[in-house]
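Student: I should like to learn how to read the features of a protein model. May we work through one together?

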Amino acid sequence: MGTTITLDLADDLPPERLRGLADDVFAWMREVDARFSTYRSDSEVCRFDRGEVLLSEASADLRFVLEACADLWGDTDGFFDAYATGRLDPSGFVKGWAAQVASDRLLAAGAGNHCVNAGGDVRVRGLSPSGEPWRIGIRHPWDAMAACLVLTGTDLAVATSGVYERGRHVLDPRRGTPAGGLRSVTVVGTDLGLADAYATAALAMGVTGIGWLDRLNGHTHAVVTDDARQYHSANLPATD
C-alpha cells in the first residue's frame, strides 16, 4: 500500500516465538497489500472496482471493508467516501484496520505488549521494552525531524492524516476538490481502523472538522491548521 510497517514486540518470550509472531504479522500485512493495494492492478479491490469480481465472489475481508466504508460514509455525513476519487479506494480505512487486526492477533497469541506502526498509524498495547507506557510522537507538520506532541499510553490507537508528505491528497467529496484548512489531524481511540477513517474524514471537512471531532464520542484528537494553530481535546493522553 505504498507504506512502511514496523513492529516492536516487548514481551519476554523465546526468540523463536517472537520471530514467529513477527512473521505472522508481516505475512498478514502482505496479504492485505495483495488484496487491497490500489497500486496493484491485480489486487482484489482493483479487480472488484473494474467489475471483474462480483460482490458474491468477493473475499470475506473485502466484503467486511466495503460494509465498514459504507457505515463510515453515513457516520461522517459523507466526508469519508471510498469513492471520492471516482474509483474505489478504501485505503483510508484499510491501513488502520489491518494494523488493528495484527494487534488483536498478537494479543490473542499472548503478546500483550507491542507496537504496530503502519505508516504512522500506530496501535500500542501494554508496556514498552523499558517497562514504561508507550510514547508516540506525532510528526510536526512543517518539520520532519520534530514532533509537535507526544502521546503516552498502554492501550491506544493513534491515526494521523496530513498533507505534509503526499500533498493535498484527501478530497472534499462534496466539492470534488482537495480539502484545505487543516494541515494535520490526529485521532486517538481504541480501534485503529475507525481512528484512521475519522482522521481522514476530519481532514476532508477542513476547519469545520474541528467541531465535528469535538462531538466524536469515545475519541480524542489533535489538529494543526494551515495557519499553524493547534487545537486538541482536553483529555488527550499527551505528555507535558
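Tutor: Let us begin with a term: contact means heavy atoms within 4.5 Å. Leaving aside neighbours within four places in sequence, Ser128 is in contact with Ala10, Pro133 and Trp134. Please note that this is a predicted model, in which local features need pLDDT of at least 70 and side-chain atom pairs count only at pLDDT 80 or more, while totals for chains, interfaces and linings use all residues. Residues are numbered from 1 along each chain as its sequence is written, and side-chain values use heavy atoms, with hydrogens and water left out.

Student: Where does Ser128 lie?

Tutor: Helices (H or I, at least four residues) and strands (E, at least two) are DSSP runs, numbered from the N terminus. Ser128 is in the loop between strand E3 (121-125) and strand E4 (134-140).

Student: Is Ser128 buried or exposed?

Tutor: Buried means under 20% relative accessible area, exposed over 50%, and partly exposed in between (1.4 Å probe, protein chains only). Ser128 counts as buried because its relative accessibility is 13%. Tyr39, in the loop between helix H1 (15-36) and helix H2 (44-49), counts as exposed, at 58% relative accessibility. The C-alpha atoms of Tyr39 and Gly2 are separated by 7.8 Å, although these residues are 37 apart along the chain.

Student: Which residue shares a polar contact with the side chain of Ser128?

Tutor: A polar contact is a pair of N or O atoms within 3.5 Å; within protein, one must be able to donate a hydrogen and the other to accept it, and residues adjacent in sequence count only if both atoms are side-chain atoms. The side chain of Ser128 is joined to that of Ser130 by such a contact, of 2.8 Å.

Student: How many salt bridges are there?

Tutor: A salt bridge is a side-chain nitrogen of Lys or Arg within 4 Å of a carboxyl oxygen of Asp or Glu. By this rule there are ten. One of them pairs Lys95 with Asp121, with the closest N and O atoms 3.6 Å apart. Lys95 lies in helix H4 (residues 91-108) and Asp121 in strand E3, so the pair ties together parts that are 26 residues apart in sequence. Lys95 is buried at 19% relative accessibility, and Asp121 is buried at 0%.

Student: Which residues are joined into one network by salt bridges that share partners?

Tutor: The network consists of Glu31, Arg35, Glu44 and Asp61. Within this group, Glu44 and Arg35 form a salt bridge whose closest N and O atoms are 2.8 Å apart. Glu44 is buried, with a relative accessible area of 9%.
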